[in-house]
Amino acid sequence: MPRTTTVECPGCPPIRALTFDALGLIKVTESRGNSGIPQVVERWGDADSSKRVLAASIDDRANDPIEISNPLNGDIFVSLSNIGDGDAHPEDDDDIAGLHLFKKSRSVGSCSLLTCTTKGNASLRSVDITPAGNTNNDGASNSWKVCAAGNILCAKVHGSEKHALFGGKGVEVNLWDLESSTKIWSAKPPPKNSLGIFTPTWFTSATFLTGDDHRKFVAGTNSHQVRVYDTSAQRRPVISFDFRETPIKSVAEDHDGYTIYVGNGSGDLASFDTRTGKLLGCFLGKCSGSIRSIARHPDHPVIASCGLDSYLRLWDVKTRELLSATFLKQHLTCVVFDSNFSDKEVAPDAQNTGEIPGEDEQEALKPAKRKKSSEEMKGKKKKSRDDGSKKSKKKSRPIESEE
C-alpha cells in the first residue's frame, strides 16, 4: 500500500496547471480566489497507453497562444510523426527525451519546435498552420546527431532560445548552439573516488540557473548527486552534493538565479543554494511516489510537483508547506503552468455595460429584509409573559401541598 498522509491544506492563489500522464490524458486543474482549492475542470484526450506523454512544452503568451495542443480548449493544432532523423525508418522510431516550443521566433500561423529522441536525433523545424486548421509539416527543418552512443534522457533549452543542453545515460552533458547546430562545450567526468571507483555517467535531469547566462546550469544524476557547472570556469562540476540515496528525477530553477528545487525517486522534495551547496530545507509533506516533474510558477511563490503517486501537489516556496494535493488517478509525467490564467469574474448585469458594480450598488441590489410590525412584537411579548406566569404557578403547587 502506498504511504498516505492527511494534511490540512490552506489553499493556494489563483493558478491554472496542466498535467500529462502515462495514458496520454491532459487534465486542467484550476484554483480560484486567494485561498481556493484546486479542482479538475477539464480533461482532454482518450486513454491510450501507446500515446503516453513523455515531454511537454507550453507557450503561454496572452496573444494568440499556439502549441501542439491548444492550452485553452485542448484542440490539436499539429500532429507530427517520425520526428527523429529524416533518414530513419519508421520502425526505428524511439521515445522523445526533450521537447521545446519556441516563443520568440514564432510568427503568425507558424511555430518552431525542437525535439530530441533518446537515440540523440535532434530536429529543429518550423510548422505552418493554415487558417483552415490544416497543418503543413513541410516547413524548414534542421536535423543533427547529439550523441554517437548512449541514450539521451534530459534536454533543456535556455531562456534566450539560442542554446540547448543534452545529457543522459553514457552521455556527458553538452551545450549546443541552436543557430549553427554545433557543440560548443562538453563536460568532463569527475575523477575516481578515494576507493578508486569510477562513477558511471548517468544524467537524469538538467536545467539552466538563469535566463540571462547560459553558461551556468545544474544536472541531476542517477547516483543521487546534483552537479553545478560553469562552462566559463572548467569542464568538471564547480560544486557537487548528494541528496538522500535515490536517483535524482527532476530539478527546477527559481527566479533568483541560485536556488534550485530537487525531487528524487523516493518522493523527497527540497531546495538548495547552488552557490554553497547548502540544503535550504525540505518541503513538508511526504510524497508517496517518485517525483517526475517540478514547475515554478512565473508570478506566484508556488511550485508544482507530480509523479507516480498520481497526485498534483502545490507548495509554498517561502514556508515550504503543502498548499493542496489533487488526486488525478493516473501516473503523471509532466506539469506546466499557464501564467495568463485569471479568476476575475464579471457580474451578469455588468457584462452589457462593461462595468463592475461597486460595494454600495451591490448592497442596494440585495433583497431587503422584512421588518416585523409593532403589533406582532406586542403579541409575542404577551405570549412570553403568559407562558412565564403559567410556569411559576406550576412550580408553586407542589410546594403548597408539602406545607
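This report walks through the cores, a sheet, two loop residues, the cysteines and the aromatic rings of one predicted model.

Residues are numbered from 1 along each chain as its sequence is written, and side-chain values use heavy atoms, with hydrogens and water left out. Because the model is predicted, local features need pLDDT of at least 70 and side-chain atom pairs count only at pLDDT 80 or more, while totals for chains, interfaces and linings use all residues.

**Cores**

Start with the nonpolar cores. A nonpolar core is a set of buried Ala, Val, Leu, Ile, Met, Phe, Trp, Tyr and Cys residues joined through side-chain atoms within 4.5 Å. Buried means under 20% relative accessible area, exposed means over 50%, and partly exposed is in between (1.4 Å probe, protein chains only).

The largest nonpolar core has 16 residues. Leu114, Trp144, Val146, Ile152, Phe166 and Leu178 have the most contacts inside it. Two or more residues of this core come from each of β5 (110-117), β6 (121-129), β9 (151-157), β10 (163-169) and β11 (171-177). Strands (E, at least two residues) and helices (H or I, at least four) are DSSP runs, numbered from the N terminus.

What does Leu114 touch, leaving aside its neighbours within four places in sequence? Its contacts (heavy atoms within 4.5 Å) include Phe102, Leu124, Trp144, Val157 and Leu178.

A second, separate core has 14 residues, among them Cys12, Cys306, Leu312 and Phe337.

**An open sheet**

Four strands form an open sheet in the order β21-β22-β23-β24, with antiparallel pairing. Two strands pair if DSSP finds at least two bridges between them. β21 (291-296) and β24 (322-327) are the edge strands, and each pairs on one side only.

How many bridges join β22 to β23? Five bridges do so, linking residues 302-307 with residues 311-316. In one of the pairings, Ala304 has Leu314 in β23 as its bridge partner.

**Two loop residues with positive phi**

Most residues other than glycine have a negative phi. Glu161 has a positive phi, near 60°. Glu161 sits in the loop between β9 and β10. Ser310 also has a positive phi, near 70°. Ser310 lies in the loop between β22 and β23. Are these residues buried or exposed? Glu161 is buried, with a relative accessible area of 11%. Ser310 is buried too, at 5%.

**Cysteines**

A disulfide is a covalent bond between the sulfur atoms of two cysteines. Here it is counted when two cysteine sulfur atoms lie within 2.5 Å. The count comes to zero disulfides. The table gives two cysteines.

| Cysteine | Closest cysteine sulfur | Relative accessibility |
|---|---|---|
| Cys116 | Cys147, 7.2 Å | 1%, buried |
| Cys334 | Cys306, 6.6 Å | 12%, buried |

Why does Cys116 form no bond with Cys147? The sulfurs are 7.2 Å apart, which is too far for a bond. The 6.6 Å from Cys334 to Cys306 is also too far.

**Aromatic rings**

Rings of Phe, Tyr and Trp (its six-membered ring) pair if their centres lie within 6.5 Å; planes under 30 degrees apart count as stacked, over 60 as edge-to-face and the rest as tilted. The whole structure holds ten aromatic pairs.

One pair is Trp185 and Phe217: the ring centres are 5.6 Å apart and the planes are at 75°, so the pair is edge-to-face. Trp185 is in β12 (residues 182-186) and Phe217 is in β14 (residues 216-221), 32 residues apart, so the pair links distant parts of the chain. Trp185 is buried at 10% relative accessible area, and Phe217 is buried at 0%. Trp185 and Phe217 form one aromatic cluster with Phe208 and Tyr229.
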